Amino acid sequence: MKVHSLSKREIHDITNQIDISWPKNSFLPIKTIQAYVIDENKRLLVGSNLVAIQLAPDLIIPHLTQHEILNHFASVQVDMNAVKFVCNGANIMRPGITDFSSFKESQIVLVKDQTHKKEIAVCISTVDDENGRKMEKGIVLTNIHYIGDMYWEMKKTIRT
């Protein structure tokens with residue numbers, strides 16, 4: 001795995017992208033970022049007050065270990081029967097969702113378990129919450145980062 005420090009320009013670009021796609025005031029200013037390169041387009045971004053995953057130039061999501069940042073994001077709760085599937089990478093289907101907060105289509109949305117209210121996945125919504133509530137079946141969220149995936153395991157090996 002290659003590791004390198006990002007330039008001020010790259011940090012500026014990342015900060016701008018986060019400003020666009022994350023809730024307002026969800027993160028503090030970033031001065032330095034180390035990039036842990038996974039493959040051509042994917043990298044783990046680690047700064048003094050940030051751990052995020054960059055999946056594309058215009059797609060940066062928070063890492064599941066960033067509880068203070070995650071509190072700012074929209075979320076859904078899933079019943080405990082769905083947790084095992086979500087933590088194996090399954091998309092979030094309508095029948096398993098027990099509670100919705102407000103969100104738009106193509107927005108970053110968290111998945112929490114119903115009992116403990118712990119974040120178990122970071123997803124991108126395929127519909128808004130209003131349409132999701134009306135659905136009887138189908139995919140509401142596309143799972144892109146979950147507990148136990150390669151980003152989760154990679155973070156364990158990095159000292160911050």
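## Close-up views of a predicted model

**View 1. Lys156 and Glu153 are joined by a salt bridge in helix α5.** Lys156 forms a salt bridge with Glu153, and their closest N and O atoms are 3.4 Å apart. In this predicted model, the two residues are separated by about one helical turn, because they stand three residues apart in helix α5, which covers residues 150-156. Lys156 counts as exposed, with a relative accessibility of 56%, whereas Glu153, at 37%, counts as partly exposed. Side chains of opposite charge can pair when their charged atoms come close.

**View 2. Arg9 and Asp13 form a salt bridge within helix α1.** The closest N and O atoms of Arg9 and Asp13 lie 3.6 Å apart, and both residues belong to helix α1, residues 8-21, where they are four residues apart, or about one turn of the helix. Arg9 has a relative accessibility of 55% and counts as exposed, while Asp13, with a relative accessible area of 38%, is partly exposed.

**View 3. Glu130 and Lys134 form a salt bridge within helix α4.** Here the closest N and O atoms are 4.0 Å apart, and the two residues, both in helix α4 (residues 129-134), are again separated by four residues, about one turn of the helix. Glu130 is exposed, and Lys134 is exposed as well. The count of salt bridges for the model comes to four, and the pair of Glu130 and Lys134 is one of them.

**View 4. Cys87 and Cys123 are each in no disulfide.** The count of disulfides comes to zero. For Cys87, the nearest cysteine sulfur is that of Cys123, at a distance of 10 Å; for Cys123, in turn, the nearest cysteine sulfur is that of Cys87, also 10 Å away. Because a disulfide requires the two sulfur atoms to be within 2.5 Å, this pair does not qualify at 10 Å. As to their surroundings, Cys87 is partly exposed, with a relative accessible area of 22%, and Cys123 is buried, with a relative accessibility of 0%.

**View 5. Nine residues, named here in sequence order, line the largest pocket.** The lining is made up of Ser26, Phe27, Leu28, Asn49, Gln66, His67, Glu68, Ile69 and His72, and the pocket has a volume of about 180 Å³. By class, the lining residues divide into three nonpolar, five polar and one charged.

**View 6. Strand β4 pairs with both β3 and β5.** Strand β3, residues 43-47, runs antiparallel to β4 and pairs with it over five bridges, with Leu45 having Ala52 of β4 as its bridge partner. The two strands form a hairpin that has two residues between them. Strand β5, residues 59-62, also pairs with β4 in the antiparallel sense, over four bridges, and here Gln54 has Ile60 of β5 as its bridge partner. A hairpin with two residues between the strands is likewise formed by β4 and β5. Strand β4 (residues 50-56) is largely enclosed by the rest of the structure, because six of its seven residues are buried.

**View 7. Six strands make up an open sheet with mixed pairing.** The strand order is β7-β11-β10-β9-β6-β8, and the edge strands, each pairing on one side only, are β7 (92-93) and β8 (97-100). Strands β10 (residues 119-125) and β11 (residues 139-146) run antiparallel and are joined by five bridges; within this pair, Ala121 stands opposite Tyr146 of β11. Strands of a sheet pair through backbone hydrogen bonds, either parallel or antiparallel.

**View 8. Gln114 lies in the loop between β9 and β10.** The loop that holds Gln114 follows strand β9 (108-113) and leads to β10, and Gln114 itself counts as partly exposed, with a relative accessibility of 32%. From Gln114 to Met150 the separation in sequence is 36 residues, and the distance in space, taken from C-alpha to C-alpha, is 24 Å.

Technical notes. Residues are numbered from 1 along each chain as its sequence is written. This is a predicted model: local features need pLDDT of at least 70, side-chain atom pairs count only at pLDDT 80 or more; totals for chains, interfaces and linings use all residues. Side-chain values use heavy atoms; hydrogens and water are left out. Buried means under 20% relative accessible area, exposed over 50%, partly exposed in between (1.4 Å probe, protein chains only). A salt bridge is a side-chain nitrogen of Lys or Arg within 4 Å of a carboxyl oxygen of Asp or Glu. On a 1 Å grid over the protein atoms alone, a cavity is a set of points where a 1.4 Å probe fits but cannot get out, and a pocket is an open set with protein on both sides within 12 Å along at least five of seven lines; lining residues have an atom within 4 Å of a point. Grid points are joined across faces, edges and corners, and a volume is the space filled by probe spheres set on the points. Ala, Val, Leu, Ile, Met, Phe, Trp, Tyr, Cys and Pro count as nonpolar, Asp, Glu, Lys and Arg as charged, and the others, Gly among them, as polar. Two strands pair if DSSP finds at least two bridges between them.
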